[in-house]
Amino acid sequence: MLFRSVQFRAHAIQPVGVGELLIRLEKLRALLTAEGLFAPERKRPLPVLPNCIGLICGRNSEALHDVVTNATKRWPHVRFEIAEVAVQGPAAVQQVSEKVREFEANKDIDVIVIARGGGSFEDLLPFSDEGLLREVAKCFTPVVSAIGHEQDRPLLDDIADLRASTPTDAARRIVPDMADELAQLEQRRRRTMLRVTRTLERETQTLLRLRAAIDRAHPSRVIETRLQETAQSRIELRRLAHRQLDRRLASLQTTAARLRALSPQATLERGFAVVRSTAGDVITEVHAKVLIERAEGRGYERGLERGDGFGPER
C-alpha cells in the first residue's frame, strides 16, 4: 500500500454554517455590551402583582398553555393579552417585534412575556436578532424572556429584564401564589393582633394605675378619708370619756360610802344617840333632864347618874 501526502496552501479561511452564525452573534453581543444594553442597572423590576400580562408565543403552543395555566393556578384573577405569532422562520422577527411595540403602547399591560418551548439553534436565531433586541431595549414595560433552552441561550435572555428557564418558570416568577400570600397575610394578621392586644393590655394597666393615683389624690377622696378618720377619732374620744366618767363615778360612790360611814346619821342608825340640853346643845355631862335624839326622833328624858347605865328613867 502506497501512502501519499497532499499539501494545500490557503489564502483565507472563513467559517460557514453554524460557525459563521456564532461569530456574528458574538460580534453582536460585544456591540450591545459596549452600548450598555446588557447592564444590570438597566433591568426594570417586575410588578409585585400584575393585573394584565402581555404574552407573545407560538400559535397553539405548549408555551402558551404552560404560562396561562400555571399563572392562573397561582393567581386566578390575573388577565392575559395573548398574541400568537410565528416564533421561528423568516416572519418571526417582524411579528414578534410588532407585538412588542403594540404591548408597550398598551398601558393596561404590566409585563410582557416572550415565550417559546425550546428548539434547535437555528430555530432560536430570531430571538437573537438585533432589531428585536433593540425593540425590547426601548420598552419601559418589563420584558420576560421565556425561551426555554439552556444550551443555546439567545441574546434575548441577556437583554430582557428577567430570564426564565422555561415558560412554566416564567409563570411562577411573574405572579405570586395566592395560597402562599393568604398564609403570609394570616400570619401577619395574627402577629399584628397579638401586638395590638399586648399594647392595649399594657396601656389599660397604665390607665388603671393613673386612675387609681388620681382617685387617691382627688379632693373628695381626701375629704372622705379625713371624715372617716374624724368619725373614728370621735368614737374613740367618746369611749375614752365614758371610761373616765365611769371611773370618776365609781370613785365618787366609794367616797360617798366612806362619808356615810363617818356621818353622825350613820352612827345614829347603828343604835347610838346624841344627848342635847333643852337649849339644843350637845351634853357631854349628864343632867337631870336631857333631850335625847335618836334615829326615830327626839324626846326629853330624865338623866341618869354617872355609872348607872344609859337606860332612861321615867
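What follows is a walk through the salt bridges, a pocket, a surface patch and a few local details of this predicted model.

Salt bridges come up a lot here, with a count of 18. One of them joins the side chains of Asp161 and Arg44, with an N to O distance of 3.1 Å. This pair reaches across the chain: Asp161 sits in the loop between α5 and β5 (162-163), Arg44 sits in the loop between α1 and β1, and 117 residues separate the two. Both partners, Asp161 and Arg44, are buried.

Another salt bridge pairs the side chains of Arg101 and Glu135, this time at 3.0 Å from N to O. Since Arg101 belongs to helix α3 (residues 92-105) and Glu135 to helix α4, the bridge ties together parts that are 34 residues apart in sequence. The two ends sit in unlike surroundings: Arg101 is partly exposed, at 40% relative accessible area, whereas Glu135 is buried, at 15%.

A more local case is the salt bridge between the side chains of Arg173 and Asp169, at 3.6 Å from N to O. Both residues lie in helix α6 (residues 167-174), four residues apart, or about one turn of the helix. As a rule, an α-helix has 3.6 residues a turn, so residues three or four places apart point the same way. Arg173 is partly exposed, with 43% relative accessibility, while Asp169 is buried, with a relative accessible area of 12%.

Some charged residues go beyond simple pairs. Glu26, Arg29, Arg153, Asp157, Asp158 and Arg163 are linked in a network of salt bridges. Asp157, one of the members of this network, is found in helix α5 (residues 156-159). The relative accessible area of Asp157 is just 5%, so the residue counts as buried, the cut-off being under 20%. The side chain of Asp157 also makes a polar contact of 2.5 Å with the side chain of Ser145.

Back to helix α4 (residues 130-137), whose buried residues are Leu132, Leu133, Glu135, Val136 and Ala137. Glu135, then, is on this buried list and is also the salt-bridge partner of Arg101. At the start of α4, a side-chain oxygen of Asp129 comes to within 2.9 Å of the backbone nitrogen of Gly131.

Asp129 turns up again in the second largest pocket, as one of its lining residues. This pocket holds about 200 Å³ of space. Its lining is made up of Leu21, Arg24, Leu25, Leu28, Val93, Leu125, Pro126, Ser128, Asp129 and Glu130. Helix α1 (residues 18-34) supplies the largest share of that lining, with four residues.

On the surface, Leu207, Leu210 and Ile214 come together as a nonpolar patch, and their accessible area adds up to about 320 Å². Leu210 has its place in helix α7 (residues 178-217). With a relative accessible area of 48%, Leu210 is partly exposed; patch membership asks for over 30%, so Leu210 clears that bar.

Finally, there is a backbone oddity at Asn60, which has a positive phi of about 50 degrees although it is not a glycine. Asn60 is placed in the loop between β1 (52-57) and α2 (62-74). Its relative accessibility is 75%, so Asn60 counts as exposed.

Key
Residues are numbered from 1 along each chain as its sequence is written. This is a predicted model: local features need pLDDT of at least 70, side-chain atom pairs count only at pLDDT 80 or more; totals for chains, interfaces and linings use all residues. Side-chain values use heavy atoms; hydrogens and water are left out. Buried means under 20% relative accessible area, exposed over 50%, partly exposed in between (1.4 Å probe, protein chains only). A polar contact is a pair of N or O atoms within 3.5 Å; within protein, one must be able to donate a hydrogen and the other to accept it, and residues adjacent in sequence count only if both atoms are side-chain atoms. Patches are made of residues with over 30% relative accessible area and no salt bridge: like charges are joined within 9 Å, nonpolar side chains (Val, Leu, Ile, Met, Phe, Trp, Tyr) within 5 Å. Accessible areas come from the Shrake-Rupley method with a 1.4 Å probe; for residues, only the protein chains shown count as cover. A salt bridge is a side-chain nitrogen of Lys or Arg within 4 Å of a carboxyl oxygen of Asp or Glu. On a 1 Å grid over the protein atoms alone, a cavity is a set of points where a 1.4 Å probe fits but cannot get out, and a pocket is an open set with protein on both sides within 12 Å along at least five of seven lines; lining residues have an atom within 4 Å of a point. Grid points are joined across faces, edges and corners, and a volume is the space filled by probe spheres set on the points.
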